[in-house]
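This report describes a protein chain together with its ligand, beginning at the binding site and then turning to the chain as a whole.

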Amino acid sequence: MIDDLKQTFLDELESIGNPADLFQLRVKYLGKKGIITSQLKSLSSLPSGERPFFGKKVNEAKDFIEDQLDAKEARLKNEELKKQLLAESIDITLPGKYTPFGREHPINKTLLEVVDIFVKMGFSVEEGPEVELDYYNFEALNFPKDHPARDMQDTFFVSDDVVLRTHTSPVQVRGMKKRKPPVRFIAPGKVYRCDADITHTPMFHQVEGLMVDKGVTFSNLKGILETFLHQMFGPNTPVRFRPSFFPFTEPSAEVDIGCILCSGAGCRVCKGSGWLEILGAGMVNPAVFEHVGYDTEEYSGFAFGMGIERITMLKYAIDDIRLFFENDIRFLRQF
Ligand code: DAH
């Protein structure tokens, strides 16, 4: 009879597939009112001679059922875990999700390099408007009324006395009006000229520089610019100053470096001269100081200005300025 019970239990156990049902089966056999429990209780109603034998049988069955239940429980738990692990598994053979990396535009890269070098020499950074009064763009910089730069051919006019600034030099005037000497700043930014070919675009970038104090001389200008050019193009780059003319500086100079493409031997880019023109510079014309109210007896200063596109083109041997603004990713990715 007990053997039948074991067989029935085994059949029931066989059909069970989850822990909840298994628990119910445990209760059914071993619970307070379970089959085995009631068998044990019924021992007392047996004749005393039969008790030991029957008792032993029931206890054996109890141990057997307990063992079977425990074993099955372990198996079910194991299966469950396997299922869970399988469901949560990640396919590590899939390629990762690629996020394209952005980078600085070559023009901004050069611009920031220039700014960085001057900031390290103690210059601060000044900004001015791109839509500028004729007064700041020309008048206060000592451009005569009939100067060709004021011509419709070069300048974008917004109205009779408002222009798109044609250079960053007006920031000199705005910067000086804001403060008293000593002043030492650079002014990077966009400028506009009505011009378009492989070396000119209607919008381009310049960095202006200005330093005013008591006793500032042309040799200060040379020292600062040579330091800058050696940082920018390498410590052995030859630098030369040529006399030139700008209305807002006197004397004025154009500054060349030895051609970085042919090392001075002469090539197409330097037009055989071995030199590349890099910036304009000079001592601030006292006429400009008059406009900002600086005492021309007490103060002197120097100024300089350079084109960022040109420097970038030379640095990376790019022969068409328009490449910078076509936004062809294949071009921009190379920097
Ligand atoms: N503003 C001039 C230009 O656009 C560049 C320049 C020349 C700036 C001499 C200066 C300077 O400050 O001193 O061509």
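A residue is counted as near a molecule when one of its heavy atoms lies within 4 Å of that molecule. In this predicted model, 15 residues surround the ligand, and the closest are His167, Ser169, Arg193, Gln206 and Glu208. Sorted by class, the shell around the ligand is made up of 5 nonpolar, 8 polar and 2 charged residues. Three strands, β6 (203-213), β9 (275-284) and β10 (300-307), each contribute at least two residues to this shell.

Where a side chain offers an N or O atom to an oxygen atom of the ligand, the computed distances are as follows.

| Residue | Side-chain N or O atom to ligand oxygen |
|---|---|
| Gln172 | 3.1 Å |
| Arg193 | 2.8 Å |
| Gln206 | 2.9 Å |

On its own the ligand has 360 Å² of accessible area, of which the protein covers 89%. The ligand sits in the largest pocket, and both Arg193 and Gln206 from the table are also listed among the closest residues of its surroundings.

Turning to the whole molecule, the secondary structure of the protein chain amounts to 11 helices and 10 strands. Its radius of gyration is 45 Å, whereas a compact globule of 335 residues would be expected to have a value near 20 Å. Taken along the principal axes, the box filled by the C-alpha atoms of the protein chain is roughly 135 × 45 × 40 Å.

How values were computed: Residues numbered from 1 in each chain as written. Predicted model: local features only at pLDDT ≥ 70, side-chain atom pairs only at ≥ 80, totals over all residues. Heavy atoms only, no water. Polar contact = N/O pair within 3.5 Å; in protein donor to acceptor, adjacent residues only side chain to side chain. Areas by Shrake-Rupley, 256 points an atom, 1.4 Å probe, with all protein chains shown as cover. 1 Å grid on protein atoms, 1.4 Å probe; cavity = no way out; pocket = protein on both sides within 12 Å on 5 of 7 lines; lining within 4 Å. Sits in = over half its atoms within 2 Å of the grid points. Helix = DSSP H or I, 4+ residues; strand = E, 2+ residues; numbered from the N terminus. Nonpolar A, V, L, I, M, F, W, Y, C, P; charged D, E, K, R; others polar. Rg over C-alpha atoms; globule rule 2.2 N^0.38 Å.
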